[in-house]
Amino acid sequence: MQMKSANVTELPGKPKVGMISLGCAKNLVDAEIMLGSVLQRGMEITSRPEDADVLVINTCAFIDSAKEESIEAILEAHQHRWLNRRADQKLIVSGCMSQRFAKELRREMPEVDAFIGLDQVAQLGEIVETILRKRPTLNAQRAALNANSSMLDVGRWTSGVDSKNGDLDLGFADTRPTYIPDYETPRFRLTPAHFAYLKIAEGCNHPCSFCVIPQMRGKHRSRPLQSVVAEIRRLVSEGVREINLISQDTTYYGMDLWPQKAGPCQRVDSAQGPTLATLLREIQKIEGEFWVRLLYTHPAHWSDELIETIAGCDKVARYIDIPLQHIDDSVLRRMRRETSRAHIENLIHKLRAGIPGVTLRTTFIVGFPGETDAEFASLLDFVQRSRFERLGIFKYSQEEGSRAAKMPRQIPAKIKNARYRAAMSTQQQIAHQTAREKVGRELKLLVDQPHVARSEGDAPDVDARVVLSKAAPVGEFIWRRITGSRGYDMLA
């Protein structure tokens, strides 16, 4: 991304900023925007935390394990300040956990110099300057925090009742985020040069009972179509070969921009305004050799038009990431997924019939409150019959502030663990067989490392790899015949 010039007073010694980003690809894009604002203010970026004058921990708070990882990263960073004799190093916490639990974290972690919310990601450079100029002592920090005030005026926080959702003691920001990056927003990409994540929307309008993302990230808000297309055009001109389109709900893209407000269950209709299908047709017009990949699509917003558009656009990877979460109708209703078994089964049939050779990736939650043995058995049977090429299994996490956390009949950990193992074992057998079935086929691959590549059916970081017997140029497309398989991975 291009950097805008900024008239600022230079800080002595050109400060160095380090970043540890946790969580999903959406969080990674936020990290890239934060680092872009750092460069915009004339500072340096370092990949060595011990060299940083300011270290940023970009946190995740989606499930309990993510929160634990974030807290451990913060405490470890603080400990290393003293072990590395960098007591003057400043520590900033950003991301979903900072947005959600700012007041509690300020009280429990006075060693942190600032907690910034999701609306402040493009202001990190300015925030860093403020912290470095103030350089408060630890005693001053503690005094200020004990007085229930912030070292930095980067947002107002509250506890008690959130008037928007009626839940108690959530510790969310008193206003939900509204920020969304644009094409001109400076970014410092953290991915390899040949692939990128591109956030086409932020927030979510769905009421899933197990999820608190709408409380943390606000309502769904799409970027203008022209902004997305302009960014893709620039990325392709810079040599990027794979662009992963991401948001909380990719298939809802554009519907919030319609003249007439579209609800979360609204039928997708390009005649009403911009849609994902509209965007993909515009991307298809961009010159260059690349593919775009759809991640985080919701089953409620697929349309025949979108399926036909993907089938007709050779620059859209034959890969669909569509988290389903469950298949039993009773569980889907308790999850408030706004869909049904009949709809899901019909959609899978349409996707496979309408997009020949498509790879389907999904995720399921086991151990949701009230899930019976019969309901889990129906899910396992569905997995066996549907034979998803890529599948992730998650144990239900009881998230504070979610509707599901208050539901009766919470499933004991022992049962959740057993169901998780059973589901993983079933999918592992399917995935290994799927890999073996590709032996003898010639596939188009994108090279990640000299001896490692990915097929059109494999997203970065979460899916399988193709191990190359002969080295290939990184960042380029190649054609290779699959000669064997090794677990999830293929050999070529």
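# Notebook: a walk through a predicted model

**Entry 1. The β-α-β unit.** I began with E12, helix H12 (residues 373–386) and E13, which together make a right-handed β-α-β unit. I note here that the model is a predicted one. I then looked up how the two strands of the unit sit beside each other: E12 and E13 run parallel and are joined by 6 bridges. For a fixed point in this pairing I took Arg361, which stands opposite Arg390 in E13.

**Entry 2. The other neighbour of E12.** I turned to E11 next. E11 pairs with E12 in the parallel sense, over 3 bridges. Here the residue I marked was Ile320, which stands opposite Leu360 in E12. As a reminder to myself, strands of a sheet pair through backbone hydrogen bonds, and the pairing can be parallel or antiparallel.

**Entry 3. How enclosed E12 is.** How many residues of strand E12 (residues 359–366) are buried? I found 8 of the 8 buried, so the strand is largely enclosed by the rest of the structure. I checked the two faces separately. On one side Thr359, Arg361, Thr363 and Ile365 are buried, and on the other Leu360, Thr362, Phe364 and Val366 are buried, so that both faces are covered. Arg361, the residue opposite Arg390 in E13, is thus on the list of buried residues.

**Entry 4. Helix H8.** I listed the buried residues of helix H8 (residues 276–284): Leu276, Ala277, Leu279, Leu280 and Ile283. Seen down the axis of H8, these buried residues fall within an arc of 160°, so they line one face of the helix. Which elements do the buried residues of H8 pack against? I found two helices among them, H7 (225–237) and H9 (304–312). The strands on the list are E9 (242–246), E10 (291–294) and E11 (316–321). E11 is also the strand that pairs with E12.

**Entry 5. An open sheet.** I moved to the sheet that holds E1. This is an open sheet of 5 strands in the order E2-E1-E3-E4-E5, and the pairing is parallel. Strand E2 (44–46) and strand E5 (114–115) stand at the edges with a single partner strand each, so one side of each is left without a neighbour in the sheet. Inside the sheet I looked at strand E1 (residues 16–21) and strand E3 (residues 54–59), which pair in the parallel sense over 5 bridges. In this pairing Ser21 stands opposite Asn58 in E3.

**Entry 6. Glu399.** I looked up Glu399 in the loop between strand E13 (390–395) and helix H13 (413–437). Is Glu399 buried or exposed? Its relative accessibility is 1%, under the 20% cut-off, so Glu399 counts as buried. The side chain of Glu399 is joined to that of Ser397 by a polar contact of 2.5 Å. Leaving aside neighbours within four places in sequence, I found Glu399 in contact with Ala61, Phe62, Ile63, Asp64, Lys67, Arg100, Phe210 and Ala405.

**Entry 7. Gly218.** Gly218 lies in another loop, the one between helix H6 (213–217) and strand E8 (221–222). At 2% relative accessibility, Gly218 also counts as buried. With neighbours within four places in sequence left aside, its contacts are Arg176, Pro177, Gly203, Cys204 and Ile213. I also noted the spacing to Glu202: 16 residues apart in sequence, and 7.9 Å apart in space from C-alpha to C-alpha.

**Entry 8. Two positive phi angles.** I noted two residues that have a positive phi although neither is a glycine. Glu338, with a phi of about 60°, has its place in the loop between helix H10 (329–335) and helix H11 (341–354). Its relative accessibility is 28%, so Glu338 counts as partly exposed. Asp461 has a phi of about 75° and lies in the loop between strand E15 (452–455) and strand E16 (466–467). At 72% relative accessibility, Asp461 counts as exposed.

**Entry 9. Whole-protein totals.** I closed with the totals. The secondary structure comes to 13 helices and 19 strands. Of the 492 residues in the protein, 57% are buried. Among contacts with a separation of 6 or more, residues 24 or more positions apart account for 74%. The protein exposes about 21,200 Å², and carbon and sulfur atoms supply 50% of that.

Methods: Residues numbered from 1 in each chain as written. Predicted model: local features only at pLDDT ≥ 70, side-chain atom pairs only at ≥ 80, totals over all residues. Heavy atoms only, no water. Helix = DSSP H or I, 4+ residues; strand = E, 2+ residues; numbered from the N terminus. Buried < 20%, exposed > 50% of the residue type's maximum accessible area, 1.4 Å probe, protein only. Contact = heavy atoms within 4.5 Å. Polar contact = N/O pair within 3.5 Å; in protein donor to acceptor, adjacent residues only side chain to side chain. Arc of directions from axis to C-beta. Areas by Shrake-Rupley, 256 points an atom, 1.4 Å probe, with all protein chains shown as cover. Pairing = 2+ DSSP bridges. Right-handed = clockwise from strand over helix to strand, strands pointing away.
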